[in-house]
Amino acid sequence: MKFFLISFMILFSLRGVFAQEKQVFNLEECIDYAALNAVTMQNAILDQEIAVAKVKETIGIGLPQITGSVGLQHSPTLARFFGTYQPGSPFGVDAATASQLGIQPGDVFAAKNFFQLQSAGDAKLSVQQLIFNGSYLVGLQASNAYKDLSVRQANQTKEEIVLNVSKAYYNLLIMREQEKLIQSNIDRVDTLLFNTQALVENGFAEKIDADRLKVTLNNLKTEQLNLANMEKLSVRLLMLQMNYPFDRPFQVSGELADVMVEAFDLPEQGDWSYNVRPDYQVFEANRKLQQLNIKNKYAEGLPTIAAFATLGRSTQSPDFNGLFQANSSFTEVEDQIGVDGWYDYSSVGLSLNWSIFTGLQRNFQIQQEKLELQKLENGFVALEKQIELEIQQSGIDQDNALKQLSVQTENKDLAEEIYNIAKIKYEEGVGSNLEVIEANTSFKEAQTNYYSALYNAIIAQLELKKALGTLLN
C-alpha cells in the first residue's frame with residue numbers, strides 16, 4: 001500500500017511537470033488555456049465564487065444571531081438623584097437633615113443616587129432568531145439570481161476570449177504563410193538572379209537586368225525581416241490573449257490548409273432564438289434581478305417578527321477593585337437581597353416591527369423600480385433589433401468575404417501561370433527581364449491578397465457565429 005501511494009504521488013507530480021512543459025498549442029488548446037488563465041476569465045470565475053459566498057451570506061441572515069458583551073465601568077462622580085421632599089419618604093432626605101437644611105415639604109432636592117455605586121460590571125449573551133421577514137425571503141431569491149447572473153457573465157466573457165484568441169491564432173497562421181510566401185519569392189528571384197548573372201557574364205544579357213533583380217531581391221529580404229518582426233508581435237499578442245507567460249517557450253501548431261471555409265446559411269425565422277446569445281442571457285438575468293427589486297420593495301411593507309433571549313450577570317461595587325473580588329462574603333435573602341456578588345438575569349420575548357406609514361416613500365421607491373424595469377424592457381427591444389442587424393451584417397460580410405476569397409484564389413492561380421510563362425519566355429530568350437520581374441511582383445501581390453482574403457473570410461465566419469450565439473459551440 002505504501003509503495004502504491006508513493007508511485008501515485010510520483011505520477012501525479014510528473015503530470016504537473018508535463019503540464020508545465022506544454023509548449024505546442026493548437027487552436028482548441030489555446031482556447032482551453034485562455035479559458036482557465038486569461039485575466040478576464042479568472043475575474044469572471046472569482047465573480048462566481050463571490051456570488052456563491054453572497055448566497056451563503058444571505059442564508060446566514062435567517063440563522064440564529066448570537067452576540068456576547070462584557071462591560072466594566074467606573075464613575076468617579078455619580079450623577080445626583082433629584083426629587084421632591086416628602087416627610088416619611090424612604091429615599092432621599094431624612095427628616096433631621098431636612099430640618100437642619102431648612103427643606104420644606106414639596107421642595108426639590110439633589111441627593112446621591114442610592115441605587116447606583118461608582119463601579120459596575122455587566123456580562124451578557126444575546127440570541128436573536130428571525131421568524132418572518134419578507135425582504136429576507138426575497139433576498140434569498142435575489143442572491144440565487146445574482147449567482148445565475150455571474151454564470152451568464154462568465155459565458156459572455158468566455159465568448160469574447162474564444163473570439164479574441166481565434167483571431168490572434170489565425171493572424172499568426174497568416175503571418176507564417178506570408179513568411180513562407182516571401183521565402184519562396186526570395187528563392188525564385190535569387191535563382192533568377194543567379195541565372196541572369198551567368199547570362200551577363202556570357203554576354204547574353206545586360207547588367208541592368210541583373211541590377212533590377214538585385215533590387216527586387218533586396219526589397220524582398222527587407223520585407224522578410226519586417227514580416228519576421230510582425231510574426232513575433234503576433235505570437236506575443238496570442239500569448240497575451242491567453243495570459244501565457246512571456247518567459248516560457250511557446251509554439252503554435254496548425255496550418256491554414258486545414259481550415260475549412262465554407263458558407264453556411266442563416267437560420268430561418270422561428271428556427272433561432274435570441275436567448276442563445278450570452279449577452280441576451282445576461283440581460284435576462286438583470287431583468288429578473290430588477291423584478292426582485294420591485295418585489296423586495298413590496299416586502300419591506302410587511303412586518304418583521306423575531307424572537308430574542310438574553311442571559312447575563314451584573315454587579316456593582318463602591319470601587320473598581322471590588323468588581324474582581326471573590327463572592328465569598330456575599331449573602332442572599334430569599335433570592336431577593338444580596339451583597340458583594342455577580343447576579344444572574346435573563347429575558348426572553350418576541351418583537352414585531354412594522355413600518356405602517358413612511359410618508360409614501362415606499363410607494364415612490366416602487367414607482368422608480370418599475371420605471372427602471374421599463375427601461376430594461378426597452379433595452380430588450382433595442383438589443384433584439386441590434387442582434388438582427390448584427391446577423392444580417394455578418395451574413396453579408398461572410399458572403400462578400402467568400403466572394404473575395406474566390407476571386408483572389410483565381411487571381412493567385414492566374415498570376416502564378418503568368419509568372420511561369422514569363423520566366424520560360426525569358427529563359428528561352430523571347431521575353432524581357434523586366435517582364436519577369438513584373439510578373440513575379442504581381443504573383444507575390446496576388447498571393448498576399450489571397451491570404452488576406454482568407455483571413456477576412458475566417459474572421460467573418462467567427463463574427464457570424466458570435467452573432468448567432470454559436471461561437472462557444
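These legends go with close-up views of a predicted model.

**View 1. Helix H7, from residue 278 to residue 299.** Let's start with a quick check on a helix. At 1.5 Å a residue, the 22 residues of H7 should span 32 Å. The C-alpha atoms at the two ends of H7 are 31 Å apart, which agrees with that expectation.

**View 2. The buried residues of H7 and the helices they pack against.** Which residues of H7 are buried? At the start of the helix you will find Pro278, Asp279, Tyr280, Gln281 and Val282 among them. Further along, the buried residues are Ala285, Leu289, Gln290, Leu292, Ile294, Lys297 and Ala299. And what do the buried residues of H7 pack against? Their partners are helix H5, which covers residues 134–201, and helix H8, which covers residues 361–427.

**View 3. The largest pocket, with a volume of about 470 Å³.** The lining of this largest pocket is made by 19 residues, and those closest to its centre are Leu27, Ser166, Leu462, Lys465 and Leu471. Helix H2 (27–37), H5 and helix H9 (433–468) each give two or more residues to the lining. Sorted by class, the lining of the largest pocket holds 11 nonpolar, 4 polar and 4 charged residues.

**View 4. The second largest pocket, with a volume of about 270 Å³.** Try finding its lining in the sequence: Leu266, Pro267, Glu268, Gln269, Gly270, Asp271, Trp272, Ser273 and Tyr274 are among the residues that line the second largest pocket. Glu388, Ile391 and Gln392 belong to the lining too. By class, the second largest pocket is lined by 5 nonpolar, 4 polar and 3 charged residues.

**View 5. Asn243, a residue with a positive phi.** Here is a backbone angle to look out for. Most residues other than glycine have a negative phi. Asn243 is not a glycine, yet its phi is positive, at about 60°. Where is Asn243 found? Look in the loop between helix H6 (207–242) and strand E6 (251–252). Asn243 counts as partly exposed because its relative accessibility is 33%, which lies between the 20% and 50% cut-offs.

**View 6. Leu360, another non-glycine residue with a positive phi.** The phi of Leu360 is about 65°. Leu360 sits in the loop between strand E10 (343–353) and H8. Is Leu360 buried or partly exposed? With a relative accessible area of 42%, Leu360 is partly exposed.

Definitions and conventions
Residues are numbered from 1 along each chain as its sequence is written. This is a predicted model: local features need pLDDT of at least 70, side-chain atom pairs count only at pLDDT 80 or more; totals for chains, interfaces and linings use all residues. Side-chain values use heavy atoms; hydrogens and water are left out. Helices (H or I, at least four residues) and strands (E, at least two) are DSSP runs, numbered from the N terminus. The expected span of a helix is 1.5 Å times one less than its number of residues. Buried means under 20% relative accessible area, exposed over 50%, partly exposed in between (1.4 Å probe, protein chains only). Contact means heavy atoms within 4.5 Å. On a 1 Å grid over the protein atoms alone, a cavity is a set of points where a 1.4 Å probe fits but cannot get out, and a pocket is an open set with protein on both sides within 12 Å along at least five of seven lines; lining residues have an atom within 4 Å of a point. Grid points are joined across faces, edges and corners, and a volume is the space filled by probe spheres set on the points. Ala, Val, Leu, Ile, Met, Phe, Trp, Tyr, Cys and Pro count as nonpolar, Asp, Glu, Lys and Arg as charged, and the others, Gly among them, as polar.
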